[in-house]
Amino acid sequence: MAVNFKSASFLLALVMTVAAILTPSVISGENRFSDLQIHKHLKRLNKPPLKSIKSPDGDVIDCVPITDQPALAHPLLINHTVQMRPSFNPESVFSESKVSSKCNDITQLWHVNGKCPADTVPIRRTRKQDLYRASSVEKFGMKSQKSIPKPKSYEPASVLTQNGHQHAIMYVEDGVFYGAKAKINVWNPDVEMPNEFSLAQIWVLGGNFNSDLNSIEAGWQVSPQLYGDTRTRLFTYWTSDAYQGTGCYNLLCSGFVQVNREIAMGGSISPLSGYGNSQYDITILIWKDPKEGHWWLQFGEKYIIGYWPASLFSYLSESASMIEWGGEVVNSQSEEGKHTTTQMGSGRFAEEGWGKASYFKNVQVVDGSNELRNPENLQVFTDQENCYNVKSGDGGSWGSHFYYGGPGEWYKKASYFRKVMTVDGANTLREAENLHPTTDNDNCYSVKEGQSGSSYWGRGTHFFYGGPGRNAKCP
């Protein structure tokens, strides 16, 4: 399956970015990189495999002996004995019926060309080009600081200018939690710039939002800078110091211990959902083993991937105090006072619902009895709902759920009216009251009222409108 960049402008930007960082001065060590640095880092990440598998998407998956994986190089894990399975699972995954049943979960593309042998784990091979895209060798595979939504303390307007990260989430806080679960709708959102990303994930959090935050994360993402393409990929992340110096994505540093030989972290996943077409979702479950204290990850209904050792964390060594579910994007243009057109979820607002907007369903937490239950006092939060929003629901087979997402700065894509006002009896311009957006058939054409924000929209109401006319939902 060929790599499909979403637009010529994106491809040009990516080529220019790579060209810029591959200059002789950089490679020779006069700037961020040197051949020696790169060689040492690649050797640290790419362990000698027993077998290598070429994936149709261009990845190379190395089957590395479990005891040779990068995780065990962590200072806290030097004498660590790999735990091959958790002592307990809130879903009793290890029952006979669960193990023997066939599962139609989303798969990874590399499976078509082989599988890893017993006692090995699949690791996506890191290449020189991957390191060149990073800001530095040391920062390769790491998120920037302050990339977690902080609903209580942040004013939505301040988040955009502070860190460029935008979120649309559901969350529960001020509790004692031992895990979280959800079914996450899988899409392939457009990412405007190579240094931006779009993801959907679960956050398991402990500590405060300053220097000592502990976070465990898992979901799917599109990240051109990290992977060099725009494919939708499974990922994990962890940090024990609010992203300052610990943790990384997937297996790009020591920490996360993998035990599964069928799923590669960072590997692309398929099939994907389509607008007005078939919908697909992945199940993510994170929970704390009550005996050993490690935090385990399950993908789908049968894949126990591995664990984050309890010794990596301070607050999470006991329990989590906050759980978040939702989407995140990076807006690299925030310092210029602009907004990206990078999509979140399906790229559609939450109001569009099933088959159009992206969703999380069966949102649950693990309680002190190691049982899955519906969370209480769920809340929603978004940094800037003109760009991305959330709409929650409850009940039925979906349990606690929500739709979320959006197109980013969508006035770059949709037609609009701005500064909509009326003239009153005194010949004075004033903001119109009791406006009602309406359309004959919102499958063909739609309208969405905007909210006051930047000076561009000015005084008065604004709204976006239009549509493609005939399509699958508009015959």
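Two strands are said to pair if DSSP finds at least two bridges between them, and the exercises below apply this to a predicted model.

**Exercise 1. Determine the strand order and the pairing sense of the open sheet that three strands form.**

Step 1. The order of the three strands is 1-2-4, and their pairing is antiparallel. In general, strands of a sheet pair through backbone hydrogen bonds, in either the parallel or the antiparallel sense.

Step 2. Strand 1 (51-54) and strand 4 are the edge strands, since each pairs on one side only. From one strand to the next, the twist averages 25°.

Step 3. Looking at one pairing in detail, strand 2 and strand 4 run antiparallel to each other over five bridges, and I61 is found opposite R124 in strand 4.

**Exercise 2. Find how many disulfides the whole structure holds, and describe the link of C63 and C116.**

Step 1. A search of the whole structure gives two disulfides. The cut-off that matters here is that the two cysteine sulfur atoms must lie within 2.5 Å.

Step 2. C63 and C116 meet this condition, with their sulfur atoms 2.1 Å apart. The link between C63 and C116 joins distant parts of the chain, for C63 belongs to strand 2 (residues 60-65) whereas C116 sits in the loop between strand 3 (107-108) and strand 4 (120-124), and 53 residues separate the two.

Step 3. The link of C63 and C116 has an angle of -80° about the S-S bond and is left-handed. C63 counts as buried because its relative accessible area is 0%, and C116 is likewise buried, with a value of 1%.

Step 4. The other pair is C248 and C253, whose sulfur atoms are 2.1 Å apart. The link of C248 and C253 is left-handed, with -85° about the S-S bond, and C248 is buried because its relative accessible area is 1%.

**Exercise 3. Decide whether T340 is buried or exposed, and establish which side chain its own side chain meets in a polar contact.**

Step 1. T340 is placed in the loop between strand 15 (320-330) and strand 16 (358-366).

Step 2. The cut-off for a buried residue is a relative accessible area under 20%. T340 has a relative accessibility of 0%, and therefore counts as buried.

Step 3. The side chain of T340 makes a polar contact with the side chain of E192, at 3.0 Å. When neighbours within four places in sequence are left aside, the residues in contact with T340 include E192, E196, V330, Y388 and G408.

**Exercise 4. Work out whether G368 is buried or exposed, and where along the chain this residue lies.**

Step 1. G368 lies in the loop between strand 16 and strand 17 (372-373).

Step 2. With a relative accessibility of 64%, G368 counts as exposed, because the cut-off for that class is over 50%.

Step 3. Although G368 and F177 are 191 residues apart along the chain, their C-alpha atoms are separated by 6.9 Å.

**Exercise 5. Set these local results against the protein as a whole by stating what share of its 475 residues count as buried.**

Step 1. Of the 475 residues, 53% count as buried, and the protein has seven helices and 24 strands.

Step 2. Among contacts between residues at least 6 apart in sequence, 73% join residues at least 24 apart.

Step 3. The accessible surface of the protein comes to about 21,100 Å², and 49% of that surface belongs to carbon and sulfur atoms.

Terms used: Residues are numbered from 1 along each chain as its sequence is written. This is a predicted model: local features need pLDDT of at least 70, side-chain atom pairs count only at pLDDT 80 or more; totals for chains, interfaces and linings use all residues. Side-chain values use heavy atoms; hydrogens and water are left out. Helices (H or I, at least four residues) and strands (E, at least two) are DSSP runs, numbered from the N terminus. Buried means under 20% relative accessible area, exposed over 50%, partly exposed in between (1.4 Å probe, protein chains only). A polar contact is a pair of N or O atoms within 3.5 Å; within protein, one must be able to donate a hydrogen and the other to accept it, and residues adjacent in sequence count only if both atoms are side-chain atoms. Contact means heavy atoms within 4.5 Å. Accessible areas come from the Shrake-Rupley method with a 1.4 Å probe; for residues, only the protein chains shown count as cover. Axes are lines fitted to C-alpha atoms, for helices over the stretch in contact, and angles run from 0 to 180 degrees between N-to-C directions.
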